[in-house]
Amino acid sequence: MSEKYKAKILLIEDESDVRESYEDMFNSLGFSVESAENGMDGLKKLAKSDFDLVVTDLHMPVMDGMETLRRIKKQNKDVEVIVITGFATIENAIKAMKQGAFDYITKPVSLEHVRIVLNKCAQQIKDRRENQELKEINSRLQELNDLKNKFITITNHELRTPMAVLKGYMELLGMEVEDHEELKEYYNVIMGTLSEMMDMVENMHDLSGFQKFASQNHKEVLDINELLNEVSKEIKIIFKNRNIRFKIDFYEEKALVKANRSLLKQGIRELVQNAFKFTKDGGSVTVCVKLDKVKGQVFVVVADSGIGIPNDKLKLIFEPFYEVQDVMHHFSSKTDFMGGGIGVGLSLAKEIIESASGEIVVESTPQEGSTFTVILPMQNVA
Ligand code: ADP
């Protein structure tokens, strides 16, 4: 159980011996107490110091408890008020609650009743404070997230132009180095690196909200088998140096979905690329197309025999920039085992698939492998 909140109480009671007995009672229950002799005195003390809770007698000279309650609530509505009343004047207690009092205690006051009412009130104050803190943390997180997005958008925008210029001039230089073996090799390295940088910027650009994968993008009826064939050709080139068994089980008929070809290709390629990246040489990657004609769904199942993903990270991997592994892997090439990435591939894939009215489901066992399944609505053959 969570620890009891030690609420700070202001006690307003005009009779000194009664006041002292209440103080002893509250102290014995673990609350800190300060006292005031009447409503006026109480309001002054309340203005000077932070109290969570006022316990006031209803029947008092100078200013009665009801008026004191009204003024306290006007001064600070977050301060809780508990009224003490004689049994004969219980209607007044009910009236006080209608005016915003938290609860009432009847005379003669019993320690057990006081304990229950004060603890209930302290718990409510604690809950409200924690809620308030959570709200503040949430809004701070939102601000930080907005700042991060703004930073990505600006950086991205600023990077695109110089990279396009660089690429343009490099292409011109390409013709000049055609006959120089050594220069041509340097040229290829620069172009390769530049194209990796451009890919990265492109992915960030997609994510940073420049391009929304609105559903109107997904208009073309296409066969997933064909699309996978294209993805497989690209993957074989990208991962030509890796020793991984790669198998695709196409569906025997057309598996039609409605989508934007290049976006869907990008989404599925991210999954297959990851399957290669997170599988050691000697392992396997299998892609399989299935149909559930009754439910009208097309499945693309990408399974690997790789490192797997811990259960508690399965949701996090779809967050932009989230990576399970530490940053050291960034020093290696993108196509190496666990090679560098920036953690946006899956968030992109998820946005793309969801914008085509589909979903991605993942199952994984650490050290055994992962299976990512894309589920899309099936289109009927015309
Ligand atoms: P990146 O691959 O660029 O790091 P992604 O968004 O594609 O970013 O993936 C996020 C993280 O999810 C990866 O860094 C990795 O930790 C984990 N992950 C994704 N796919 C797999 C997979 N097939 N096997 C194991 N881990 C994976």
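Which residue has a polar backbone atom 2.8 Å from an oxygen atom of the ligand? I opened the predicted model with that in mind. The residue is L346.

**Entry: the ligand**

I stayed with the ligand contacts. G343 also offers a polar backbone atom, and an oxygen atom of the ligand sits 3.0 Å from that atom. D304 takes part through its side chain instead. I read 2.9 Å between a polar side-chain atom of D304 and a nitrogen atom of the ligand. Next I looked up how well the ligand is covered. On its own the ligand exposes 530 Å², and the protein buries 97% of that area.

Which elements give two or more residues to the shell around the ligand? I found helix α8 (261–277), helix α9 (345–355) and strand β12 (369–377). Of these, α8 supplies the largest share, 3 residues.

I then went through the shell by residue. There are 21 residues around the ligand. The ones that come nearest are N274, K277, E323, Q325 and L346. By character, the shell divides into 11 nonpolar, 7 polar and 3 charged residues.

**Entry: L348 in α9**

I moved along α9 to L348, which has its place in that helix. Is L348 buried or exposed? L348 is buried, because its relative accessible area is 0%, under the 20% cut-off. I also checked a distance from L348 to a remote part of the chain. T155 is 193 residues away from L348 in sequence, and their C-alpha atoms are separated by 19 Å.

**Entry: salt bridges**

How many salt bridges does the structure hold? I noted 22. Side chains of opposite charge can pair when their charged atoms come close. I looked at three pairs.

The first pair is E143 with R140. Their side chains meet in a salt bridge, with 2.8 Å from N to O. Both residues lie in helix α5, 3 residues apart, which is about one turn of the helix. E143 is partly exposed, at 43% relative accessibility. R140 is also partly exposed, at 44%.

The second pair is K184 with E178. Here the closest N and O atoms are 3.4 Å apart. K184 has a relative accessible area of 27% and is partly exposed. E178 is partly exposed too, with 45%.

The third pair is E226 with R261. Their closest N and O atoms are 4.0 Å apart. Why does this pair tie together separate parts of the chain? E226 lies in helix α7 (residues 224–238) and R261 in helix α8, so the bridge joins parts that are 35 residues apart in sequence. E226 is partly exposed, at 39% relative accessibility. R261 is partly exposed as well, at 24%.

I followed that third pair outward. E226 and R261 belong to a network of salt bridges that also links E220, E230, E234, K265 and R269.

**Entry: nonpolar surface patch**

Which residues form a nonpolar patch on the surface? I listed L134, I137, L141, L144 and L147. Together they have about 480 Å² of accessible area. I picked L144 for a closer look. L144 is found in helix α5 (residues 111–176). I marked L144 as partly exposed, because its relative accessibility is 40% and the class runs between 20% and 50%.

**Entry: backbone checks**

I ended with the backbone. Where is there a cis peptide bond? I found one from K107 to P108, with omega near -5°. P108 lies in the loop between β5 (103–107) and α5.

Positive phi values came next. F321 has phi near 70°, a positive value in a residue other than glycine. F321 lies in the loop between β10 (297–304) and α9. With a relative accessible area of 32%, F321 is partly exposed.

S357 is another residue that is not a glycine yet has a positive phi, about 65°. I placed S357 in the loop between α9 and β11 (359–365). Is S357 buried or exposed? S357 counts as exposed, because its relative accessibility is 57%, over the 50% cut-off.

Technical notes:
Residues are numbered from 1 along each chain as its sequence is written. This is a predicted model: local features need pLDDT of at least 70, side-chain atom pairs count only at pLDDT 80 or more; totals for chains, interfaces and linings use all residues. Side-chain values use heavy atoms; hydrogens and water are left out. Patches are made of residues with over 30% relative accessible area and no salt bridge: like charges are joined within 9 Å, nonpolar side chains (Val, Leu, Ile, Met, Phe, Trp, Tyr) within 5 Å. Accessible areas come from the Shrake-Rupley method with a 1.4 Å probe; for residues, only the protein chains shown count as cover. Helices (H or I, at least four residues) and strands (E, at least two) are DSSP runs, numbered from the N terminus. Buried means under 20% relative accessible area, exposed over 50%, partly exposed in between (1.4 Å probe, protein chains only). A residue is near a molecule or strand if one of its heavy atoms lies within 4 Å of it. A polar contact is a pair of N or O atoms within 3.5 Å; within protein, one must be able to donate a hydrogen and the other to accept it, and residues adjacent in sequence count only if both atoms are side-chain atoms. Ala, Val, Leu, Ile, Met, Phe, Trp, Tyr, Cys and Pro count as nonpolar, Asp, Glu, Lys and Arg as charged, and the others, Gly among them, as polar.
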